Amino acid sequence: MIESRAEYLSRLATSIAPTILGLFGVLLLASPIRLFEGFVPTPLLPLVVVYFWAIYSPTHLPALGVFFIGLCHDLLAGGPIGLWPLIYLSISFLVTTQRPYFQGREQRVVWLGFAVSAFIAGTSVWLVSSVLAGTVLPFLPLAYQLLATIAVYPIVAGLFAELHERVITEN
């Protein structure tokens, strides 16, 4: 059966939607937008994207998409090239291996898993950045950002769940 152009574009859009969401999260991180006049740090939305899709639909966010999200994060944040791709790919791999455990669990269990993943990611970035800087960098700003990220996870994951159910799994 010959597929129409509209059907093809629709399938393409749903297959790259998680990567686009991750890139949008990177752009928000790099933008000058600050929540509550800078009192609340911008959450690490790309981490939420990587974690969520690693559990609920890893085929829609392949390693290449995760790598590209991380690379854009590095380029826009000005950090060492390769750090965020390594972090995101590691989290994606770790979560994907634990996927059977998380599927069907209460959302608070998934949220706790995200908190652990965010702590691992944040601590890894802080350690590598401290080593590269040759000094112990302050951890408190990153801790606030991680807390903001953990706090918004249930809201963002709820939106992603709707997207996954209504758009991606229907195509």
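How far apart are the mean positions of the 7 positive and 8 negative charges of the protein chain? In this predicted model, the two mean positions lie 5 Å from one another.

## Fold and dimensions

The protein chain contains 7 helices and 0 strands, so that, read along the sequence, its pattern is α-α-α-α-α-α-α. Among the contacts with a separation of 6 or more, 69% join residues that stand 24 or more positions apart in the protein chain.

A compact globule of 171 residues would be expected to have a radius of gyration near 16 Å, and because the protein chain has 17 Å, the two values agree. Taken along the principal axes, the box filled by the C-alpha atoms is roughly 60 × 35 × 35 Å.

## Surface and burial

Of the 171 residues of the protein chain, 40% count as buried. The area that the protein chain exposes is about 9,900 Å², of which carbon and sulfur atoms supply 71%.

## The largest nonpolar core

The largest nonpolar core holds 38 residues, and those that touch the most other members are L47, Y51, F114 and Y153. Two or more residues come from each of helix 1 (5-30), helix 2 (45-56), helix 3 (63-77), helix 4 (83-97), helix 6 (107-133) and helix 7 (140-168), with helix 2 giving the most, namely 10 residues.

For L47, one of the core residues that touch the most other members, the contacts beyond its neighbours within four places in sequence are with Y88, I91, F114, A118 and A121. F114 thus appears both among these contacts of L47 and among the residues that touch the most other members of the core.

Key
Residues numbered from 1 in each chain as written. Predicted model: local features only at pLDDT ≥ 70, side-chain atom pairs only at ≥ 80, totals over all residues. Heavy atoms only, no water. Helix = DSSP H or I, 4+ residues; strand = E, 2+ residues; numbered from the N terminus. Rg over C-alpha atoms; globule rule 2.2 N^0.38 Å. Buried < 20%, exposed > 50% of the residue type's maximum accessible area, 1.4 Å probe, protein only. Contact = heavy atoms within 4.5 Å. Areas by Shrake-Rupley, 256 points an atom, 1.4 Å probe, with all protein chains shown as cover. Lys, Arg positive; Asp, Glu negative; His and termini not counted. Charge placed at Lys NZ, Arg CZ, Asp CG, Glu CD. Core = buried A, V, L, I, M, F, W, Y, C linked by side-chain atoms within 4.5 Å.
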